[in-house]
Amino acid sequence: MKVAIMTDSNSGITQAQAKELGIFVLPMPFTINGKEYFEDMNLSQNEFYEKLMNNAEVFTSQPAVGDVKNFFDKILKEYDELVHIPMSSGLSGSCQTAMMLAQDEEYINKVYVVDSQRVSVTQKQDVLDALKMSQQGKSAKEIHDILMDNKLNATIYITVNTLEYLKKGGRITPAAAALGGLLKIKPILTIQGEKLDQFQKTRTMAKARQIMIDAAIKDIQERLDQSEDMHNTHIMVAYTFDKEQALDFKQQIQERFPNHDIMCDPLSLSVACHIGPHSLAIAATKKII
């Protein structure tokens with residue numbers, strides 16, 4: 001059986017990378033100042049941030065059912081089965097759309113949608129693991145079941161540079177944003193399963209970075225990997241806009257994980273529009289392969 005691996009652009013995997021890997025990436029739609037764009041099709045990372053930082057009205061949306069169906073149909077012309085790994089159902093309705101579509105008679109026992117409750121670098125790791133499993137000869141159902149069994153074995157901590165974008169997205173009130181800006185508060189957010197939640201607050205980015213690293217290590221040791229050097233864990237860095245800052249953060253993390261190959265990728269634009277540029281994240285997932 002030929003098994004295809006599909007994801008969406010929330011994974012951070014570009015169209016060029018997808019072609020190189022031999023997978024399929026559904027571009028996520030955005031509405032910016034009333035015009036529709038599709039990530040990595042007619043909207044690059046640089047263009048997105050230029051618009052975002054110039055106060056454009058940016059809204060995320062989900063792919064139309066017809067677009068998802070067309071993707072399924074095109075892939076199934078070449079493959080027998082399909083594993084689709086969309087962004088967490090707690091962050092977007094696109095996962096439920098795909099799961100609903102997969103229940104259609106023509107897709108039963110052919111399309112398996114994984115609600116792994118992940119996004120960005122953790123979602124990407126699921127895709128890479130799924131690809132390896134397909135190359136090992138596992139069926140779509142086997143891949144789906146393994147990823148679902150492992151879905152909660154992940155953690156993400158994010159700190160933002162400004163509260164402005166959380167205010168725009170309605171996640172905090174204007175009054176709280178004004179006070180937080182005055183006090184130079186750097187909130188630390190976390191994704192544990194479905195949603196983005198508040199974790200802690202501090203006043204400097206340096207302190208926020210240390211808090212995130214310590215929190216990630218605590219999660220790894222308590223939930224993901226009890227080995228002495230945490231070698232059964234993937235470690236990742238994600239960022240918005242500022243790659244130099246991210247590489248510096250990666251070096252800081254590398255000192256705590258000297259034997260790990262740490263992934264460093266941009267955060268997906270659907271997350272970036274809610275937290276703004278110059279944000280940083282550390283993430284970890286349990287190794288399954």
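Here are some questions and answers about this predicted model.

User: Hi! How many disulfides does a search of the whole structure find?
Analyst: A disulfide needs two cysteine sulfur atoms within 2.5 Å. The sulfur of Cys95 is 18 Å from the closest cysteine sulfur, the one in Cys273, so that's too far for a bond. Searching the whole structure therefore gives a disulfide count of zero.

User: Is Cys273 buried or exposed?
Analyst: Cys273 is in no disulfide, with the sulfur of Cys95 18 Å away as its nearest cysteine sulfur. The cut-off for buried is under 20% relative accessible area. Cys273 comes in at 10%, so it counts as buried.

User: What about Cys95, buried or exposed?
Analyst: The same kind of check works here. Cys95 has a relative accessible area of 0%, and anything under 20% counts as buried. So the call for Cys95 is buried.

User: Let's do the four-stranded sheet. Which strands stand at its edges?
Analyst: It's an open sheet with parallel pairing, in the order E2-E1-E6-E7. A strand at the edge has a single partner strand, so one of its sides is left without a neighbour in the sheet. That describes strands E2 (24-26) and E7.

User: And how much does the twist average from one strand to the next there?
Analyst: This is for the open sheet of four strands, E2-E1-E6-E7. Going from one strand to the next, the average twist is 25°.

User: Which residue in E7 is the bridge partner of Val83?
Analyst: Strand E6 covers residues 81-85, and E6 pairs with E7 in the parallel sense over three bridges. For Val83, the bridge partner in E7 is Tyr112.

User: What angle does the direction of H3 make with that of E2?
Analyst: Helix H3 (residues 65-76) packs on the sheet and touches E1 (3-8), E2, E6 and E7. Its direction and that of E2 make an angle of about 170°.

User: H6 lies across strands too. At what angle does H6 run to E6?
Analyst: The strands that H6 lies across are E1, E6 and E7. Relative to E6, H6 runs at about 20°.

User: How far apart are the axes of H5 and H6 where they pack?
Analyst: H6 spans residues 140-149, and the two helices pack at an angle of about 145°. H5 passes H6 in a right-handed crossing. As for the gap between their axes, it's 10 Å.

User: Which residues in H6 does H5 meet?
Analyst: From H5, the residues involved are Asp126, Asp129, Ala130, Met133 and Ser134. By type, the residues of this contact divide into five nonpolar, one polar and two charged. On the H6 side, they are Ile143, Ile146 and Leu147.

User: Is Ser116 buried or exposed?
Analyst: Ser116 sits in the loop between strand E7 (111-113) and helix H5 (120-135). Leaving out residues up to four places away in sequence, it touches Ile85, Asp126, Met148 and Lys151. Its relative accessibility is 0%, so Ser116 counts as buried.

User: Now the six-stranded sheet. Which strands stand at its edges?
Analyst: This one is open as well, with mixed pairing and the order E10-E9-E8-E13-E11-E12. The edge strands each have a single partner strand, so one side of each lacks a neighbour in the sheet. They are E10 (196-202) and E12 (263-266).

User: Which residue in E13 stands opposite Ala154?
Analyst: Strands E8 (residues 154-159) and E13 (residues 280-286) pair in the antiparallel sense over six bridges. Opposite Ala154 in E13 stands Thr285.

User: At what angle does H5 run to E11?
Analyst: H5 lies across E8, E11 (233-239), E12 and E13. Against E11, H5 runs at about 135°.

User: What separates the C-alpha atoms of Asp219 and Thr155?
Analyst: Asp219 is in helix H9 (residues 205-224), and at 11% relative accessibility it counts as buried. Thr155 is one of its contacts, along with Tyr157, Gln192 and Leu224, if neighbours within four places are left aside. The two residues are 64 apart along the chain, while their C-alpha atoms are separated by 7.2 Å.

User: Last one: which residue in the E3 and E4 hairpin takes a positive phi?
Analyst: Strands E3 (residues 29-32) and E4 (residues 35-38) pair in the antiparallel sense over four bridges, with Pro29 opposite Phe38. There are two residues between the strands, and the one with a positive phi, near 50°, is Asn33.

Terms used:
Residues numbered from 1 in each chain as written. Predicted model: local features only at pLDDT ≥ 70, side-chain atom pairs only at ≥ 80, totals over all residues. Heavy atoms only, no water. Buried < 20%, exposed > 50% of the residue type's maximum accessible area, 1.4 Å probe, protein only. Contact = heavy atoms within 4.5 Å. Axes fitted to C-alpha atoms, helices over the stretch in contact; angles between N-to-C directions. Left-handed = near helix turned anticlockwise from the far one by under 90°. Nonpolar A, V, L, I, M, F, W, Y, C, P; charged D, E, K, R; others polar. Pairing = 2+ DSSP bridges.
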